[in-house]
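This report describes one predicted protein model, moving from a single strand residue to the chain as a whole.

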Amino acid sequence: MAFIVEARNICKRFGKVEALDNVTLQLEENEILAVLGDNGAGKSTLIKILAGAVKKDSGEIFLEGKKIDIEDPMHAKNLGIEVVYQDLALINCLNVYQNLFLAREIQKKFGFIKVLDKKAMEKQSNEKLAELGVSIKNIRAWVSKLSGGQRQSIAVAKAASFGKKIVILDEPTAALGVKESRHVLEIVKKLKAQGASIIIITHNMEHAFTVADRFFVLRLGRKVGIKEKLETNIDEIVKMITSGAIVQNNI
Ligand SMILES: Nc1ncnc2c1ncn2[C@@H]1O[C@H](COP(=O)(O)OP(=O)(O)OP(=O)(O)O)[C@@H](O)[C@H]1O
Ligand SMILES: [Mg+2]
């Protein structure tokens with residue numbers, strides 16, 4: 001079976017730092033894969049390579065079994081790979097619907113002139129957010145005025161919109177409270193229900209166990225192992241993250 005995404009034998013150095021040492025990651029269709037590891041383990045570097053934001057030194061990337069060279073972030077987007085970064089997800093000086101439709105604005109013809117179709121964008125924004133259960137009272141609100149949880153929910157909804165097949169989330173709940181985190185995780189589950197294949201990076205084990213089907217553990221740039229949720233537990237995953245050891249299950 002072809003994986004929806006496979007990053008094979010990826011190596012990446014930053015000067016003396018070996019950020020990724022021969023790492024292979026496989027994402028199955030319609031699964032949620034949690035990428036876990038301590039600070040500096042190489043998680044963000046790995047997903048930035050998939051997003052076209054960082055160039056790998058060596059290794060290969062396959063999309064639905066076909067080898068591809070991801071040239072830049074726009075190329076990754078066009079291939080159906082969408083990434084939500086922790087801080088850079090939204091533009092503060094734009095409102096909600098402008099953020100959702102950034103770089104894919106709907107236009108209408110006004111005689112010979114093309115103008116932005118704000119009504120259509122507002123209507124579709126409301127529909128898309130409602131589909132994912134994101135409640136934003138005013139679609140024209142500046143995103144700088146929204147809570148962290150609302151902003152993150154919109155960022156995830158944005159990544160999910162427009163038929164993206166593969167959604168990558170780098171620590172989507174890092175800055176959020178308990179309730180807001182729960183809400184964002186619900187949206188991630190809805191994304192899966194709508195057919196997306198998802199990679200989520202998190203430091204929060206409870207969040208990882210709430211949404212993910214499998215856990216992929218990195219340590220100091222190396223792959224420690226991969227575990228199905230049903231065959232592991234938090235203690236074991238924490239041991240893999242901190243000591244690099246794969247412990248035998250006794251459950
Ligand atoms: N642009 C860069 N220039 C130099 N070194 C970098 C760069 N990006 C990452 N690194 C280094 O590569 C290693 C892996 O970094 P990476 O950001 O992938 O880790 P991470 O697992 O995402 O960590 P965190 O949990 O703290 O976000 C670290 O040692 C980091 O300092
Ligand atoms: Mg990171």
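L218 lies in strand β11, residues 214-219; helices (H or I, at least four residues) and strands (E, at least two) are DSSP runs, numbered from the N terminus. L218 is buried, at a relative accessible area of 0%, where buried means under 20%, exposed over 50% and partly exposed in between, with a 1.4 Å probe and protein chains only. Neighbours within four places in sequence aside, the contacts of L218 include L20, V23, V35, L36, A41, L46 and V224, a contact being heavy atoms within 4.5 Å. G40 is 178 residues away from L218 in sequence, yet the two C-alpha atoms are 9.5 Å apart in space.

The model is predicted: local features need pLDDT of at least 70 and side-chain atom pairs count only at pLDDT 80 or more, while totals for chains, interfaces and linings use all residues. Residues are numbered from 1 along each chain as its sequence is written, chains are lettered from A and ligands numbered from 1 in the order in which they are written, and side-chain values use heavy atoms, with hydrogens and water left out.

L20, one of the contacts of L218, is also in contact with T45. T45 belongs to helix α1, residues 43-50, and counts as buried at 14% relative accessibility. Leaving out neighbours within four places in sequence, T45 touches K12, F14 and A19 as well as L20.

Strand β1 (residues 5-14) runs antiparallel to strand β4 (residues 58-63), joined by five bridges; two strands pair if DSSP finds at least two bridges between them. Within this pair, A7 stands opposite I61 of β4. On from β4, three bridges lead to strand β5 (residues 66-68), again in an antiparallel arrangement, and L63 has K66 in β5 as its bridge partner. β4 and β5 make a hairpin with two residues between them, and E64 in that turn has a positive phi of about 45 degrees.

Most residues other than glycine have a negative phi. Two asparagines with a positive phi are listed below.

| Residue | Phi | Place | Relative accessible area |
|---|---|---|---|
| N22 | about 60 degrees | strand β2 (residues 17-27) | 44%, partly exposed |
| N30 | about 60 degrees | loop between β2 and β3 (32-36) | 29%, partly exposed |

On the surface, F110, F112, I113 and V115 make a nonpolar patch of about 510 Å². Patches are made of residues with over 30% relative accessible area and no salt bridge; like charges are joined within 9 Å, and nonpolar side chains (Val, Leu, Ile, Met, Phe, Trp, Tyr) within 5 Å. A salt bridge is a side-chain nitrogen of Lys or Arg within 4 Å of a carboxyl oxygen of Asp or Glu. F110 sits in strand β7, residues 107-110, and is exposed at 58% relative accessible area.

The protein chain has eight helices and 12 strands. Of its 251 residues, 46% count as buried. The chain exposes about 12900 Å², of which carbon and sulfur atoms supply 51%; accessible areas come from the Shrake-Rupley method with a 1.4 Å probe, and for residues only the protein chains shown count as cover. Among contacts with a separation of 6 or more, 62% are between residues 24 or more positions apart. The C-alpha atoms fill a box of roughly 65 × 40 × 35 Å along the principal axes. The radius of gyration is 19 Å, which agrees with the value near 18 Å for a compact globule of 251 residues; this radius is taken over C-alpha atoms, and the globule rule is 2.2 Å times the number of residues to the power 0.38.
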